[in-house]
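Open the model in your viewer and keep the selection tool at hand. This tour goes stop by stop.

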Amino acid sequence: MHPFLLAQLWRQQMEHDAKLNKARIAAREGISRARVTQVMNLLQLPAEIQAGLLTPPAPLEIHSFSERSLRVLVSCENEESQMSRWRKQIG
């Protein structure tokens, strides 16, 4: 599963189960809490980018966008920079 979709799934699960947190997800998935946080940070992307990941322009698909490239977008200093880099990625 693509990390962005996984982050969305985990967020939904946490919203429906008040006892579920990143540490419990990490234990359940057999990964570190830091890794869960790293994946869930993809949810900080602007809504337009998130929507683009869910319905990318043809012929792209979500797997065309690596987690590494998305983490670069998350780390941008502001939304304008994120959107500029995003537009370059989608061509």
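What follows is a short walk through helices and one ring pair.

This is a predicted model, where local features need pLDDT of at least 70, side-chain atom pairs count only at pLDDT 80 or more, and totals for chains, interfaces and linings use all residues. Residues are numbered from 1 along each chain as its sequence is written, and side-chain values use heavy atoms, with hydrogens and water left out.

**Stop 1: helix 3**

Select residues 33–40, helix 3. Helices here are DSSP runs (H or I, at least four residues), numbered from the N terminus. Val36, Thr37, Val39 and Met40 are buried (under 20% relative accessible area, 1.4 Å probe, protein chains only). Look down the axis of helix 3: the buried residues fall within an arc of 165°, so they line one face. The arc is taken from the directions from the helix axis to the C-beta atoms. Now add helix 1 (3–16), helix 2 (22–29) and helix 5; the buried residues of helix 3 pack against these (contact: heavy atoms within 4.5 Å).

**Stop 2: helices 4 and 6**

Select residues 47–54 and 79–90. The axes, lines fitted to C-alpha atoms over the stretch in contact, are 10 Å apart at an angle of about 25°. Helix 4 and helix 6 are therefore roughly parallel (angles under 35 degrees). Glu48, Ile49, Gly52 and Leu53 meet Gln82, Met83, Trp86 and Arg87.

**Stop 3: the rings**

Stay on Trp86 and add Phe65: they form a tilted aromatic pair, 4.9 Å centre to centre, with 35° between the planes. Rings pair if their centres lie within 6.5 Å; planes under 30 degrees apart count as stacked, over 60 as edge-to-face and the rest as tilted. Phe65 and Trp86 are both buried.

Conventions
Axes fitted to C-alpha atoms, helices over the stretch in contact; angles between N-to-C directions. Helix = DSSP H or I, 4+ residues; strand = E, 2+ residues; numbered from the N terminus. Parallel < 35°, antiparallel > 145°, perpendicular 65-115°, else oblique. Phe/Tyr/Trp six-rings, centres within 6.5 Å; stacked < 30°, edge-to-face > 60°. Buried < 20%, exposed > 50% of the residue type's maximum accessible area, 1.4 Å probe, protein only.
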